[in-house]
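The following exercises concern the chain displayed below. Each task is followed by a solution in steps.

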Amino acid sequence: DGFLASLEKDAKERAEQRKRNEHLANALKEEGNVAFREGDFVTATQRYTEGLEKLKDKQELYTNRAQAYLKMQEYEKALSDCEWALKCNGKCIKAYFLMGKAHLALQHYGESRQCYQKILEIDPQKESLFKDCMNEVNLEEKRMQDEERAMKEVQAGSLAALSIKELLQKLARPDQSILYYTGGIRLLAGAVRDRTEQTLFRTNNGFSILKDNETVRRGFCAERKDTAEVDLSVSLLSLWQAVCAGNEENQHLLLTDSGVSAQLPELLSSGIQEIQQETLALVALYSANENGRRLLLRHLDLTKWLQILMTFVKSTDARAIRAMDILSELTEEERFKAQCRVLLSTGVLPLFTQLLTSARLVNQAALARCIGIMGTLCADAATREQLAESRECWQACLELLDECIDTSTAQYQECLFAVLGLMMNLLLESNVTIQGLAVDISCRCLALLRAKDGRIVTRATGVLSRILPASSSAVEEAVKGGVVKKVIKFLKAGGESTSSYGIKTLCICTRSSRQAQEDLVKADKRFSVLLKLLESENEMIVGNAAFCLGQCLAVPGAATSLLNSSVVRILLRHAGGDATRTSVQENAAIALGKLCVAEPRHIFQLRKLNGLAILSSSMKHVQGI
């Protein structure tokens with residue numbers, strides 16, 4: 001008993017001592033964190049070390065000290081601390097992350113990749129981090145290989161390699177004329193023809209030309225450029241294209257120059273055609289791939305870029321399409337979409353509405369692309385809501401529809417196709433503005449159902465299917481305009497998208513309009529179109545077709561016209577089926593019940609198919625018919 005009591009006392013004392021040590025270790029860790037944030041890495045490592053003297057198995061102290069060692073470029077010590085952290089916690093992601101960084105700094109590329117692979121194995125949700133880290137390793141390994149190859153070229157006395165170095169030395173001469181530097185930059189741009197020469201440009205401090213040369217910097221950054229300064233700027237932009245094409249290390253270095261990153265939006269907005277062309281070409285090198293786009297987002301504030309690039313729609317030359325290419329690529333990035341929201345209402349929206357109402361005066365091919373890009377941005381709910389609430393935006397869309405209806409050129413048709421797509425996206429919202437314009441929108445789309453381009457007809461029908469629920473007046477006008485007959489005509493031709501939008505439009509009309517019901521019965525003899533749609537593999541089409549049929553059975557003679565058809569068999573199959581959408585079973589059951597009430601002779605067919613039980617169970621859906 002005494003021995004057990006002694007053990008218990010000892011254990012209790014050790015637990016209390018550990019608790020005191022843990023308190024001291026945490027305090028020292030916080031002191032180390034403060035020093036780390038202040039950039040005092042030596043003090044930080046000292047505090048973490050003191051903390052470990054109090055508590056040797058505290059994982060956070062090892063990883064924090066490893067991080068400080070990385071900042072001090074003591075990579076072997078960082079690796080050792082990461083290994084100790086993993087002994088404390090074998091699934092410590094931070095330890096593997098820092099270990100990967102240390103191995104990368106030591107040029108242990110394989111070991112670095114293995115560390116990052118471990119992170120993904122521990123937590124598959126870290127895929128984005130994993131990709132970034134692996135990309136960093138690949139780029140660093142490529143950079144070192146490039147520099148080793150370039151060094152061999154220099155040592156071998158390659159004329160191309162020596163010419164790069166010689167030209168950079170000549171450009172480094174101070175106090176020369178702007179024409180001297182412009183000529184030298186042009187020669188240098190022509191001399192850079194492959195990756196080795198791009199690497200030599202970098203390793204010989206080529207990117208310092210803007211920072212170190214006052215004449216070049218002043219000319220490039222001048223707000224109002226004279227002819228010589230324009231030539232200098234164009235030459236510099238051409239040079240950067242040559243040294244950055246396909247070279248991510250050089251792309252990164254260029255954007256880290258604050259002078260370049262600050263000037264790019266200014267150059268795009270300069271109004272000088274040659275400068276804008278070369279700036280767009282340079283930016284396109286970045287936007288064309290994921291890593292380049294990330295560099296743009298990391299080093300530049302792209303808040304104004306949607307507005308800046310959209311302005312090029314007014315250009316009649318290649319700048320317009322190049323700008324739209326860049327915008328289209330940037331919209332693949334969620335961070336860019338988020339930045340676009342900032343100036344949407346104050347800058348972008350007024351410009352966009354102006355472009356829509358000036359179709360005759362702008363580059364129509366670029367305008368169609370621009371509208372499509374805005375449609376893509378509407379995938380963001382906040383952006384879509386702002387656009388959908390703008391009466392000016394809707395009025396501009398309607399004005400463009402009117403202009404396109406009157407003009408049948410291919411470019412106008414592309415604008416028309418794009419604006420209908422944008423309208424469909426905006427109609428995912430419901431607001432007072434949309435309700436107030438519903439009649440105008442539906443009337444324009446009804447007129448477009450005469451279009452020869454099937455794509456236009458499909459999208460116009462799609463807009464109708466989304467705008468009609470917003471207004472009973474719009475439904476009334478559409479029915480008066482013969483929408484039912486027109487849609488039935490398209491449904492006969494088939495096409496899944498058209499069928500989906502068309503049958504939905506008919507559902508909306510027949511739900512509230514007796515005239516629509518009568519028009520459908522008249523236009524669709526013996527319901528051949530609806531019966532065909534009921535055989536579709538698309539459940540939404542089937543459910544809407546069953547609903548529409550059920551509405552039209554109120555018309556005298558409609559149910560009788562279906563005698564000797566397969567309608568009972570089809571509806572019975574859907575009513576008792578296992579469709580994912582319950583509306584399919586419900587609408588089919590309701591239509592079946594209405595069919596037998598309107599024309600009792602259908603019950604004989606139902607009995608033959610042993611469907612009375614299904615009909616009985618369906619009657620709860622059809623009370624009051």
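**Exercise 1: An annotated segment**

Determine the secondary structure and the end-to-end distance of residues 130–157 in this predicted model.

Solution. Over residues 130–157 the chain is 93% helix and 0% strand. The C-alpha atoms at the two ends of this segment lie 41 Å apart. The record is consulted next: an unreviewed UniProt entry assigns the feature "coiled-coil region" to residues 130–157.

**Exercise 2: The environment of Lys-126**

Establish where Lys-126 lies, and whether Lys-126 is buried, exposed or partly exposed.

Solution. Lys-126 belongs to the loop that joins helix 6 (109–122) to helix 7 (127–155). Its relative accessible area is 33%. Buried means under 20% and exposed means over 50%, so Lys-126 is classed as partly exposed. Leaving aside residues up to four places away in sequence, Lys-126 touches Ile-93, Ile-119 and Leu-120. As for Leu-24, which is 102 residues away along the chain, its C-alpha atom is separated from that of Lys-126 by 33 Å.

**Exercise 3: The chain as a whole**

Describe the fold content, dimensions and burial of the chain.

Solution. The chain contains 37 helices and 0 strands. Its C-alpha trace spans about 100 × 95 × 45 Å along the principal axes. The radius of gyration is 35 Å, whereas a compact globule of 625 residues would have one near 25 Å. Buried residues make up 49% of the chain. Among contacts with a separation of 6 or more, 69% join residues 24 or more positions apart.

**Exercise 4: Surface and charge**

State the exposed area of the chain and its charged side chains.

Solution. About 29,800 Å² is exposed, and carbon and sulfur atoms supply 49% of this area. There are 79 positive and 78 negative side chains, and the centres of the two sets are 7 Å apart.

Definitions and conventions:
Residues are numbered from 1 along each chain as its sequence is written. This is a predicted model: local features need pLDDT of at least 70, side-chain atom pairs count only at pLDDT 80 or more; totals for chains, interfaces and linings use all residues. Side-chain values use heavy atoms; hydrogens and water are left out. Helices (H or I, at least four residues) and strands (E, at least two) are DSSP runs, numbered from the N terminus. The radius of gyration is taken over C-alpha atoms; the globule rule is 2.2 Å times the number of residues to the power 0.38. Buried means under 20% relative accessible area, exposed over 50%, partly exposed in between (1.4 Å probe, protein chains only). Contact means heavy atoms within 4.5 Å. Accessible areas come from the Shrake-Rupley method with a 1.4 Å probe; for residues, only the protein chains shown count as cover. Lys and Arg count as positive and Asp and Glu as negative; His and the chain ends are not counted. The place of a charge is taken as NZ of Lys, CZ of Arg, CG of Asp or CD of Glu. UniProt positions are given in the numbering used here, feature names are shortened, and annotations may be inferred rather than shown by experiment.
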